[in-house]
Amino acid sequence: MFTLPVSKLNDLFAAVASTRKLYLPVDDEASGHAEYKVWHEGVTLSNALNTARSAKDFFFPQTENLVDFKMEGKTIEVIDTRTESEDFVVFGVRACDARSFDILDRVFLAEPVDSYYKNRREHGVIVTLACTRPEETCFCTVFGIDPTNPAGDVSGWIAGENLYLSANTEKGEAFLSSVSKLLAESDDEAVKAQQAEVKEILKKLPLGSLDLTPFKPENLLKLFDSKRWKDLSEACLGCGSCTFVCPTCQCYDIRDFDTGHGIKRYRCWDSCMYSDFTRMAHGNPRLTQVERFRQRFMHKLVYYPSNNEGIYSCVGCGRCLAKCPISMNIAKVIKALGEEA
Amino acid sequence: MQVKETNEFKPKIVAFCCNWCSYAGADLAGTNRLQYPADVKIIRVPCSCRVNPMFILRAFQRGADGVILCGCHPGDCHYTTGNYYTRRRMTLLFSMLDYLGIEKERTRVEWVSAAEGAKFAATMNDFVATVTKLGENKRLEDLRCKAK
Amino acid sequence: MQSEMIKRAKELLASGEVARVVGWKAGEFDYDITPGVFTTAEELDSAFLYNDLCEANLSKYMIAQSRKEGKTLVFLKPCDTYSFSQLLKEHRILRENVYVIGVPCDGKVDVDTVKATGLTGICSMTSDGETVTVKTLYGDSTMSKADAMSERCINCKSKKHVVYDELLGEEGDVVADNHRFDMVEKIEAMTPDERFEFWRNELSRCIRCNACRNVCPACSCEKCVFDNEQSGAFNKGASDSFEENMFHIIRAFHVAGRCTDCGECSRVCPQNIPLHLLNRKFIKDINELYGEYQAGENADERAPLNTFTTEDVEPSIVYERGGKQ
């Protein structure tokens, strides 16, 4: 384990930013939120627990151009507009978002591999930061995530006056050696003490005891046919807030944009809450908001785990709890369906 | 004849003209051989009131540097009252664009009758001059639509 | 008030006058209240809630609920009744299928406003009308209710119900001296460059989740132009600054003259974009140019964009008035 005084954080950021882009959570005055921003001299790390938008944007941006077409007469030219990706570092990712990359990897890196996503994954180094002040909306522990011991290429802790770093991957080792001049070797006493302290707080989390046992593949039909979906979804506005702030929602739509002198084929995030989601020639297979609402939670809690060795497609980051306009959320769904089971 | 190449900025102007007055006014300007810049592209609409805010915004998206809307004089609308609605609608839209910090001089409404060929030419000359001075539309542009 | 409301709702359900009740449902942390439909007395007893934290405007739900079998009882706060009345005017709600009970409101506590004071880990939040008591994972604190209210409630425009079948509690008055246009004036006084900078900073945060549109009682089109592939403006994710501007200008314009300024758009925005400042600009312009108008207040009056006078100002007035250059 390596260490660096917090007072020297700026030197670390400057050293990293001199070779590649460095993103980190920064307080945004206008919104009152923290958001990932590019570091430059004068930018300071936010103290907020988490960013309003998740970190999935780095690998799976909201909109991205896939390919251009140019037509001339009867010939169509297909132009790959991708430019060589640059290396980048994301600093300060929390344990929940770090887990979300594993969940996205299982979708985008499975055959057929999504080369756009893969490219970004290969060029990004994730430096995580352990949580010290969880929110009431946090329930990552339910999914077996330890917020005091986050994953990522490099795990980080800020304890007292020091930052502690420990590499988990080859990429992480390379990252640490690139800034080794600033780091000193250290034991993990301070980290262990902090972990013990935060674990006491975690015990008090109101959503820490959500019971996931009913959500297993065998119960698929029973859960699907539950009578609760109707009243749970009754007030749903059909907006996409929950899906767009979610670190694990990975559905997208591919569209063509006519620029007047060619076509840009782009993809953008899609939401199962929308009426045109997975629309086919005959229309949307999910006719009302009840089915659309059910799709989101069944996907996270039943379909995805059925296909991925029981891993749930939720990391308990709590963003959807904080952002839903009508305060309906996965925690309420888990409780309501659990009562029934 | 030699065509002189210049780097001078030539604005793209979209002019929505109502079928009954302003389009005829543009016609008259043409038959009277009144000069106005060729940068003005006219789109004929049945009534100025056919133009909704989306038309204006999409013209900017597609590369226009200025958008002007011409209709019959208030009181002379072929459909009796269409241009009165235009007047309220565009006043509010232009005010909103201004509120967003988008140059208000890039948008204009002008009443041009079928007999006012001279007014049509003069209006266009003036509008083109105004927009030329402002330069390229940057605040309401869609980079994807910019031709390479 | 809550027990009175539950009592009336039970009576109306029992007599068969109404088939269901639309109200607010308790959540996990006091502040995460969900709009809900209740059909039995037991449901009302277990989850129905009305307190200083019930922020949601229930009027838009009546578009769908009023098309169900039997009458629906809905509880509306004063500002919700303006939205409801506007929806009636637009023939979106079947009035004969709705039983409206007006309930008083003296401002709602907003969890985002409380969080903005720096409190984290809020597990419980209660208000006694004067003081808000907040219990967090990291200790308890209190604040005055005025400090816990969002801007829309601080600058409340009316405590009067414009439509109801029955009223619980005291009727209030229109608040004439509110300061709801102060921020609009501040923006108007900026230079165009400052204004552009201000709005770019705000609108660039938009994630196009459509929450502002879907919650808006004035946005009740069966198919939105942005969801319509044939419209030429189909847009599911803003690709660039143009599409961000376009969505927000058109959204605000389409509700101009119909927006009652209920403030739901800004409340639900996950990115805290002050969307109400776009709507209020239109309201302010309409008031100044075409005479004072409050959408939803009067069911017989024509909306300002559906009418005209021959003496209306010319659009060129925009070049002449307001703001620094």
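This is a tour of a predicted model with chains A, B and C, to be followed selection by selection in the viewer.

**Chain A as a whole**

Begin by selecting chain A alone and colouring it by secondary structure, which shows eleven helices and twelve strands. The C-alpha trace of this chain spans about 65 × 65 × 40 Å along its principal axes. Its radius of gyration is 22 Å, which agrees with the value near 20 Å that a compact globule of 341 residues would have. Of those 341 residues, 42% are buried, and among the contacts in chain A that join residues at least 6 apart in sequence, 69% join residues at least 24 apart.

**A:Thr3 and its surroundings**

Next, select A:Thr3, whose place is in strand 1 of chain A, residues 2-5. Is this residue buried or exposed? A:Thr3 has 21 C-beta neighbours inside 10 Å and therefore counts as buried, the cut-off being 20 or more. If neighbours within four places in sequence are left aside, A:Thr3 is in contact with A:Asn162, A:Leu163, A:Tyr164, A:Leu183, A:Ala184 and A:Ser186, which can be added to the selection. A distance label drawn from the C-alpha atom of A:Thr3 to that of A:Lys192 should read 14 Å, although these two residues are 189 residues apart along the chain.

**Backbone details in three loops of chain A**

Move now to the loop between helix 2 (95-108) and helix 3 (115-123) of chain A, where A:Pro112 lies. The peptide bond that joins A:Glu111 and A:Pro112 is cis, with omega at about -10°.

The second loop to select runs between strand 12 (263-269) and helix 9 (289-307) of chain A, and A:Thr278 is found in it. This residue is not a glycine, yet A:Thr278 has a positive phi of about 50°. Because A:Thr278 has 14 C-beta neighbours inside 10 Å, it counts as partly exposed.

For the third, go to A:Ser327, in the loop between helix 10 (319-323) and helix 11 (330-340) of chain A. A:Ser327 also has a positive phi without being a glycine, here of about 55°. With 23 other C-beta atoms within 10 Å, A:Ser327 is buried, whereas A:Thr278 is partly exposed.

**The sides that touch chain A**

Show chain C beside chain A, and select the 33 residues of chain C that are in contact with 40 residues of chain A. The elements of chain C that give two or more residues to this side are strand 2 (34-38), strand 6 (122-127), helix 9 (192-203) and helix 10 (211-215). Which of them gives the most? Strand 2 of chain C does, with four residues. Coloured by class, the side of chain C that touches chain A has 15 nonpolar, twelve polar and six charged residues.

Then bring in chain B, of which four residues are in contact with five residues of chain A. On the side of chain B that touches chain A, the residues divide into two nonpolar, no polar and two charged.

**Helix pairs between chains B and C**

Hide chain A and select helix 3 (residues 82-99) of chain B with helix 13 (residues 276-290) of chain C, which pack at an angle of about 130° with their axes 10 Å apart. These two helices are therefore oblique to each other, and the crossing of helix 3 of chain B and helix 13 of chain C is right-handed. To see the contact, show B:Thr91, B:Leu92, B:Ser95, B:Met96 and B:Tyr99 on helix 3 of chain B, and C:Lys281, C:Phe282, C:Asp285 and C:Leu289 on helix 13 of chain C. By class, the residues of this contact divide into five nonpolar, two polar and two charged.

Turn next to helix 2 (residues 53-61) of chain B and helix 11 (residues 241-254) of chain C, where the packing angle is about 170° and the axes are 10 Å apart. With that angle, helix 2 of chain B and helix 11 of chain C are therefore roughly antiparallel to each other. The residues that make the contact are B:Pro53, B:Met54, B:Leu57 and B:Gln61 from helix 2 of chain B, and C:Phe242, C:Met246, C:Ile249, C:Ile250 and C:Phe253 from helix 11 of chain C. They divide into eight nonpolar, one polar and no charged.

**A helix pair inside chain B**

End with chain B alone, selecting helix 1 (residues 22-31) and helix 4 (residues 117-134), whose axes come within 7 Å and cross at roughly 90°. Helix 1 and helix 4 of chain B are therefore roughly perpendicular to each other.

How values were computed. Residues numbered from 1 in each chain as written. Chains lettered and ligands numbered in written order. Predicted model: local features only at pLDDT ≥ 70, side-chain atom pairs only at ≥ 80, totals over all residues. Contact = placed C-beta atoms within 7 Å. Nonpolar A, V, L, I, M, F, W, Y, C, P; charged D, E, K, R; others polar. Rg over C-alpha atoms; globule rule 2.2 N^0.38 Å. Buried ≥ 20, exposed ≤ 12 C-beta atoms within 10 Å, placed from the backbone. Axes fitted to C-alpha atoms, helices over the stretch in contact; angles between N-to-C directions. Parallel < 35°, antiparallel > 145°, perpendicular 65-115°, else oblique. Left-handed = near helix turned anticlockwise from the far one by under 90°.
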